[in-house]
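Hello! I am passing a structure on to you, and below it you will find some notes on what turned up. Have it open beside you while you read.

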Amino acid sequence: MSFIIGLLMLAMVLVCIALILLVLIQLPKKEAGIGVAFGGGATDALFGAGSGNVLTKATKWFAIAFFGLALLTGFLQTHYGAKGRAAAIGANIQEEASKLPGEPVTQPSGTSPAPAPATTPGAAPTTAPAQTPAK
């Protein structure tokens, strides 16, 4: 599924670049904007006199494609991308746990480990005297 998500992301980047270029070459309203930088009739000379309508329609369809791809990619990423990562993380944890020596220690949920005995700061811990075996 990650391959399909990657292809959708590539398509979205290409649509985004095309959308940026379409917006930049459109005729400005009232002769203001980036169209003035290329000269007054730059788009008319390149694409003909009726290019405004074609560019406007193309911009609309590319914008719809961009938003559709963004929604689809987001949906697929949340439903399939997160599950794949969680399964991979769980498999790695189980693999690492199986490498550890000994029996796995399980603790019932809702309980906490026993607290350590309280000692005063600076005091040596008390221990029971060692017993010597009788002869």
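Let's start with Ala 63: at 22% relative accessibility, Ala 63 counts as partly exposed, because buried means under 20% relative accessible area, exposed over 50% and partly exposed in between (1.4 Å probe, protein chains only). Ala 63 sits in helix α3; helices are DSSP runs of H or I with at least four residues, numbered from the N terminus. Its C-alpha atom is 6.8 Å from that of Leu 19, although the two are 44 residues apart along the chain.

A word on the source: this is a predicted model, where local features need pLDDT of at least 70 and side-chain atom pairs count only at pLDDT 80 or more, while totals for chains, interfaces and linings use all residues. Residues are numbered from 1 along each chain as its sequence is written, and side-chain values use heavy atoms, leaving out hydrogens and water.

Now the inside. The largest nonpolar core (buried Ala, Val, Leu, Ile, Met, Phe, Trp, Tyr and Cys residues joined through side-chain atoms within 4.5 Å) is made of six residues: Ile 5, Leu 8, Met 12, Val 15, Leu 69 and Leu 76. Both α1 (2-25) and α3 (51-99) supply at least two residues of this core, and the largest share, four residues, comes from α1.

Which residues does Leu 8 contact, leaving aside its neighbours within four places in sequence? They are Leu 69, Leu 72, Thr 73 and Leu 76, where contact means heavy atoms within 4.5 Å.

Happy exploring!
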